[in-house]
Amino acid sequence: MTDDTKIKQGTDQKTQADATAAPAKKIKKGLEAIDRDYKEREALKKAKALGISYVNLARTPINPDLLRILEPEVAEKAQIIPFFRIGKRLRVAVVDPENPETKKVLEDLKNQKFLLNVNLASEPGLQEALKNYESEQYKVKKKIEASYEEKDIKAYEKELAEMTDLKEKIESGTSEEGLQYINIGAMKTGASDIHFEPEEKEVRIRYRIDGVLHTVMRIDQKVYKNLANQLKYISKMKLNVSNVPQDGRFSFILNERKIDVRVSDIPTQFGESFVLRLLDSARSVLTYDEMGFQNEYLTKMQRLKTINNGMILCTGPTGSGKTTTLYAILDQLNSPETKIITLEDPIEYNLKGVTQSQINEKRGFTFGSGLKSVLRQDPDVVMIGEIRDIDTAETSSQAALTGHVVLSTLHTNSAVETIPRLINMGLQPFMVAPALNTIVAQRLVRRVCDHCKVLKTIPPAMLKDIEKTVGSIRKVKPDLAMEIPKKLPFPIGCEKCSHTGYKGRILVTEMITLDYEIRDMILKEQSSNSILLAARRKGLISMREDGILKVLKGLTTIEEVFRVTSVAR
Ligand SMILES: [Zn+2]
């Protein structure tokens, strides 16, 4: 027999074997399923006999954070896995609670002050669950734990498609568990808000990711009723009240970080609608550069740390990242020699070395009254969450005029509008002019996802828009280096960006630093339009123009810039 025929025969035999393998495989799979089902029923029986709960691990998604409670070797050896946790209350699944190894681990967990709820699982169920230790999420999480890089956390975001399992889990589990899963899902996708919107038959759940709402699932009205009650209960809202708006808050732990959640509830036609704002107080402060300040605006921001009195106002609509900017400025001003006090609602980040206090309107601790008390504490720098009334505006400007740096926010569409806004509030021009130092107006645009973007030739209509803006930038800043590339990135969508085509956000800004000429114009009560023209002569680049500069750099898209600046100009 030649070598050739040997090989040929070999292949023939293999093909024959394959032909019979397919049905055999099917039968084997079927038998496995029956066997598995039998083992689950056995486990259920055993649990009943022992008087403990049973858990079908095959149907229980496990938060990878929980895996860190036990090392994989320990979990494997002791046949135990944690599968659900709220605070110190921990649910674990075991195969045999009387196993000495298992007992030892249970004892260890108790010593770590966990309040244990032991559930019985089948042996194959547990083996399956232990595979979670090999999952990408667990591995990536381990890496993050070592490096503590907040931006890496986004790397373990799983696509929104996985939320279909979540829906099943929510509809079959308790409302307490359901809510926990929705929160975890939001954290994993990097959502800032969760919206519950009742419709006629179902309730839509949406996550706001990078500023844009995405529908993640629809749940049954009946399931929602329990979920809504649970949400009201943990947010300390009145359970028996559903016809007037209510506010509340709660917090949960994820990745060993405390996440504060602000909850607002309004009655609607088909039931109560909730919006949850997730505040991760352990987030790190971004640098100006990371935030998106560039060119002259970056220099202006960096220069702020040298000022020793005056008001710095950050303006824009809700969700435009104003607080983030203020925190970045505070971070720059923060030093052992400087006393910084903040008045916030809510406290969004924790800053070391800064005295942060929470506003409590119900108890009369408002921005206005709080500021007066804060000034008696001899601060160098004060941050007030928002200037809403004349009282706060007056006290802030007096503080700015008496040697304090005052940081705050206002709701205005553009930088220059801040001036008439303060005057319309009742603040005298002779106060505004000397007190105000810098105005930062801003919006957030989404960054194009680097993983899936595609470079395409700029369509003629878009090119026209770009050329027009570049022309107007050249008029105010003839020296600024700008180039219109032949191709620009277009968003596509991939797993990394939850199929949105965008990942992360960047600021588009405009800044006015008050100088002698502008102060004089304010004192002479000149129109905001003439102040704007003066600022333009001095080289003010508008928010939209700043956005287009970022489009040219391939950071975002023209649609994004137009979307957020359409009201601005
Ligand atoms: Zn992508």
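# Notebook: sheets, helix packing and backbone outliers

I began with strand β11 (residues 310-315), which is joined to strand β15 (residues 405-410) by 6 bridges, the two running parallel. Helices and strands here are DSSP runs, H or I of at least four residues for helices and E of at least two for strands, numbered from the N terminus. Two strands count as paired if DSSP finds at least two bridges between them. In this pairing I312 of β11 stands opposite L407 in β15.

A note on the source: this is a predicted model, in which local features need pLDDT of at least 70 and side-chain atom pairs count only at pLDDT 80 or more, while totals for chains, interfaces and linings use all residues. Residues are numbered from 1 along each chain as its sequence is written.

**Mixed sheet**

I looked up the sheet that holds β11 and β15. It is open and has 7 strands in the order β13-β12-β14-β15-β11-β16-β19, with mixed pairing. Its edge strands are β13 (355-358) and β19 (502-513), each paired on one side only. On average, neighbouring strands of this sheet are turned by 20° against each other, direction ignored. For angles I use axes that are lines fitted to C-alpha atoms, for helices over the stretch in contact; the angles run from 0 to 180 degrees between N-to-C directions.

I then listed the helices on this sheet. Helix α13 (residues 322-333) lies across β11, β12 (340-344), β14 (381-384), β15 and β16 (436-448), and runs at about 170° to β15. Contact here means that the C-beta atoms of two residues, placed from the backbone, lie within 7 Å. Helix α14 also packs on the sheet, where it touches β12, β13 and β14, and its direction makes about 165° with that of β12.

**α14 against α15**

I checked helix α14 (residues 367-375) against helix α15 (residues 390-401): they pack at an angle of about 25°, with their axes 8 Å apart. That makes α14 roughly parallel to α15. The classes are roughly parallel under 35 degrees, roughly antiparallel over 145, roughly perpendicular from 65 to 115, and oblique for the rest. On the α14 side the contact is made by F367, G368, L371, K372 and L375, and on the α15 side by D391, T392, T395, S396 and A399. I sorted these residues by class and got 4 nonpolar, 4 polar and 2 charged. Nonpolar covers Ala, Val, Leu, Ile, Met, Phe, Trp, Tyr, Cys and Pro; charged covers Asp, Glu, Lys and Arg; the others, Gly among them, are polar.

**Antiparallel sheet**

I moved to an open sheet of 6 strands, with the order β7-β6-β5-β10-β9-β8 and antiparallel pairing. β7 (212-220) and β8 (246-254) stand at its edges with a single partner strand each, so one side of each has no neighbour in the sheet. The twist averages 20° from one strand to the next.

I went through some of its pairs. β5 and β6 are antiparallel over 7 bridges, with D193 opposite R208 in β6, and a hairpin of 3 residues joins these two strands. β6 and β7 run antiparallel and are joined by 8 bridges; R206 has T215 in β7 as its bridge partner. The β6-β7 hairpin has 2 residues between the strands, and D210 in the turn has a positive phi of about 50°. β8 pairs with strand β9 (residues 257-268) in the antiparallel sense over 9 bridges, and I253 stands opposite K258 in β9.

Helix α10 lies across β5 (191-198), β6 (202-209), β7, β8, β9 and β10 (271-280), running at about 115° to β7.

**α9 against α10**

I found helix α9 (residues 175-188) packed on helix α10 (residues 221-234) at an angle of about 80°, with axes 9 Å apart. The two helices are therefore roughly perpendicular to each other. S175, E176, G178 and L179 in α9 meet N226, L227, N229, Q230 and L231 in α10. By class, this contact has 3 nonpolar, 5 polar and 1 charged residues.

**Backbone outliers**

Most residues other than glycine have a negative phi, and most peptide bonds are trans. I noted the exceptions below against that background.

- The peptide bond from D345 to P346 is cis, with omega near -5°, and P346 is in the loop between β12 and β13.
- Q79, which is not glycine, has a positive phi near 50°; Q79 is in the loop between α3 (72-78) and β2 (80-86).
- K113, just after α4, takes a positive phi of about 70°.
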